[in-house]
Amino acid sequence: MIIGETILIVLYMINSNLAFAFSLLFFGYYLFQKNTSKYETLFNLLILSTPLFSISILGANLHHMFSWIYIFLLIYLILLVRDLAKGKYCLKKNFLLIIIFLIILFVQSIIGNFVLSNIMEFIQITIMILPIALTYYAKDYIKTLLPKDFSSKFVNSIGNVIFATALAVIIQCGLYTYKGIMIGNINFFAQRIVFDAVFSGFSILSIFLGVGVVIYMYQLLKYKKFNSLFKLAVIAVALFFNSSRTGIVASALAIGLWIIKNSFSKGKINFKNLMFLLIFVIASFFLLYQLFMVRGDDSIFAGSGRLEGYHQAWDFTISSPIYFLFGNGLAASNYNFTLPHNFILQTLMCSGIFMLVYSLIFVYKLIKVTSDDIFKYIIIAILIGGLLTTDFYANTFFTVFAVIGLICNSLNGGEKNEEKSNCSSSGL
C-alpha cells in the first residue's frame with residue numbers, strides 16, 4: 001500500500017492524466033475487495049485519498065472540489081442518508097441545531113458580494129460538518145459492519161498514508177535539488193524553498209505530516225513499537241524539506257499534552273514519561289532551530305506575518321457591529337487583505353460571533369466524545385495547526401480522521417453512560 005500510495009502522489013505531481021489512470025486502478029483494487037462492507041471499503045478509500053484533497057481527479061484542469069476525497073465523502077453521505085431512511089439509526093433532537101447553523105451560514109453566503117465564492121466556501125464547511133455529525137449518530141450501527149481489528153488496522157493505514165506522503169516530498173526535493181527537475185507544488189521565498197508535494201496552502205502539508213508524528217510517537221510510547229522510529233525519522237526529514245514549523249509545533253504540543261496526562265495518575269508521578277517528554281521537547285526545538293537557520297528568520301519564534309494579520313483581522317471585525325455579529329462573507333474575495341492564519345479569528349471575521357460560538361461548541365463536543373486517545377490527540381494536533389493557518393475547514397483530512405475516530409471510539413466501548421437507545425438524548 002505504501003508503494004502504491006507514493007506512486008499515486010508522485011504521479012499527480014508529474015502528469016495528471018497518467019495519475020488519473022493509475023488512481024482508477026489503485027482505488028479500484030480496494031473498491032472491489034471481497035469480504036468487506038461498504039463502510040469499510042469507503043473508509044479505506046477515504047484514508048487513501050487524504051493526501052489528494054486539494055487536487056482534482058484530473059489535476060489542475062478541475063476545481064479541487066472534484067477531488068477523490070470529495071467524491072468518496074459524497075458517497076459516504078449518501079450511504080448514511082440511505083441507512084437513516086431505512087431506520088438503521090436515528091437522529092437526536094439537537095441535530096436540528098446543526099441544520100439551523102447551516103441554514104444561517106447559507107443565508108449569510110447569498111447576501112452581499114461574491115455570492116458564488118461564498119457558496120463554494122459554504123459547501124466546504126457543510127462537507128466538513130455533516131459527515132462528522134451523521135457519523136456520531138450512526139456509529140453504533142456502523143461498528144456492527146466492521147471487523148474487530150478496525151481500530152488498529154485503520155490507525156496503521158493513516159500512518160502509512162502519511163509516511164507515503166513524506167516519501168513523496170523527499171522524492172520531490174531530491175529531484176529538484178540533484179536533477180533540477182520541478183514537479184508538484186514548489187514555492188520559492190527569499191531564504192527558503194517550500195516543497196508541498198500536491199498540497200496547496202501554506203503549512204497544510206506540515207499539519208498533515210504532523211499527524212504522522214502523533215501516530216508514531218503514540219505507538220512508540222504506548223506499545224513500544226520501535227520500528228516507528230524509522231517512519232518518524234522519514235517524516236521529520238519531510239517536515240524539514242517542507243520548512244513549515246506549524247506541523248512540528250502542533251504535533252509536539254499534542255504529544256506533550258498526552259504525555260503529561262499519562263504522567264500524573266492515581267496520585268503517582270511517572271518520571272520516565274516526563275524524562276521522555278524532556279527529550280522530545282529538546283528534539284522538537286532542535287528541528288525548529290534547524291528550520292530557523294534555513295529560513296533565515298530573525299527569531300525562532302518569528303510569526304511570518306501572522307501577528308500583523310491577526311491585528312488586521314481584529315481591527316476589521318470590530319470596525320462595525322454588523323461585521324462582529326454576522327461577519328462579512330466566507331470567501332477571501334470579500335477582503336482586501338490576507339485572511340488571518342487562525343480559524344477562530346477567521347470564523348469571527350467571516351461569519352460573526354454567533355457562528356464562532358457554535359463552531360467552538362462543536363469542536364469541544366467532538367474532542368469530548370472522542371475518548372480513544374490516539375484520535376483525540378490527532379484531532380487536537382490538527383486543531384492546534386488550525387490556529388496557525390487559514391481556511392481550516394478546507395482541510396478535508398480532518399473530517400476523515402474525525403469520522404474514523406468516532407467509529408473507533410464506539411468500537412472501543414464508546415462514551416461512558418451513553419444512552420444508545422434514546423434518540424432524544426444529547427450529543428454533538
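**Exercise 1. Determine which residues S351 contacts, and whether S351 is buried or exposed.**

Solution. Step 1: contact is defined as heavy atoms within 4.5 Å. Leaving aside neighbours within four places in sequence, S351 is in contact with L105, Q108, L325, F326, G327, L330 and Q346.

Step 2: S351 belongs to helix α14, residues 343-351. Helices (H or I, at least four residues) and strands (E, at least two) are DSSP runs, numbered from the N terminus.

Step 3: the relative accessible area of S351 is 5%, so S351 is buried. The classes are buried (under 20% relative accessible area), exposed (over 50%) and partly exposed (in between), with a 1.4 Å probe and protein chains only.

The model is predicted: local features need pLDDT of at least 70 and side-chain atom pairs count only at pLDDT 80 or more, while totals for chains, interfaces and linings use all residues. Residues are numbered from 1 along each chain as its sequence is written, and side-chain values use heavy atoms, with hydrogens and water left out.

**Exercise 2. Describe the surroundings of S49 and identify which backbone oxygen its side chain reaches.**

Solution. Step 1: S49 is part of helix α3, which covers residues 38-49.

Step 2: S49 counts as buried because its relative accessibility is 0%.

Step 3: the side chain of S49 reaches the backbone oxygen of L45, at 3.0 Å. A polar contact is a pair of N or O atoms within 3.5 Å; within protein, one must be able to donate a hydrogen and the other to accept it, and residues adjacent in sequence count only if both atoms are side-chain atoms.

Step 4: not counting residues up to four places away in sequence, S49 touches F27, W68, I69 and F72.

**Exercise 3. For L232 and V234 in helix α9, state which residues each one touches.**

Solution. Step 1: L232 is located in helix α9, residues 228-242, and V234 is in helix α9 as well.

Step 2: L232 is buried because its relative accessibility is 12%; V234, with a relative accessible area of 10%, is buried.

Step 3: with residues up to four places away in sequence not counted, L232 touches V213, Y216, M217 and L220. On the same basis, V234 touches F163, A166, L167 and I170.

Step 4: between C-alpha atoms, L232 and G212 are 7.6 Å apart, with a sequence separation of 20 residues. V234 and L167 are 67 residues apart in sequence and 7.3 Å apart, C-alpha to C-alpha.

**Exercise 4. Set out how Y218 and L307 are placed, and how far apart each lies from its partner, D373 or H341.**

Solution. Step 1: Y218 lies in helix α8, residues 204-223, and is buried because its relative accessibility is 9%.

Step 2: Y218 and D373 are separated by 155 residues in sequence and by 9.0 Å from C-alpha to C-alpha. Apart from neighbours within four places in sequence, Y218 is in contact with Y223, I255, W258, D373 and I374.

Step 3: L307 lies in helix α12, residues 306-317, and counts as exposed because its relative accessibility is 57%. The C-alpha atoms of L307 and H341 are 8.8 Å apart, across 34 residues of sequence.

**Exercise 5. Locate F114 and D391 and report the phi of each.**

Solution. Step 1: most residues other than glycine have a negative phi.

Step 2: F114, which is not a glycine, has a positive phi near 55°. F114 is found in the loop between α5 (95-110) and α6 (115-142), and its relative accessible area of 44% makes F114 partly exposed.

Step 3: D391, also not a glycine, has a positive phi of about 50°. D391 sits in the loop between α16 (373-386) and α17 (396-411); its relative accessible area of 24% makes D391 partly exposed.

**Exercise 6. Characterise the chain as a whole: how many helices and strands does it have, and what is its radius of gyration?**

Solution. Step 1: the chain has 17 helices and four strands.

Step 2: a compact globule of 428 residues would have a radius of gyration near 22 Å, and the chain agrees with this at 21 Å. The radius is taken over C-alpha atoms, and the globule rule is 2.2 Å times the number of residues to the power 0.38.

Step 3: buried residues make up 55% of the 428 residues. Of the contacts with a separation of 6 or more, 73% come from residues 24 or more positions apart.
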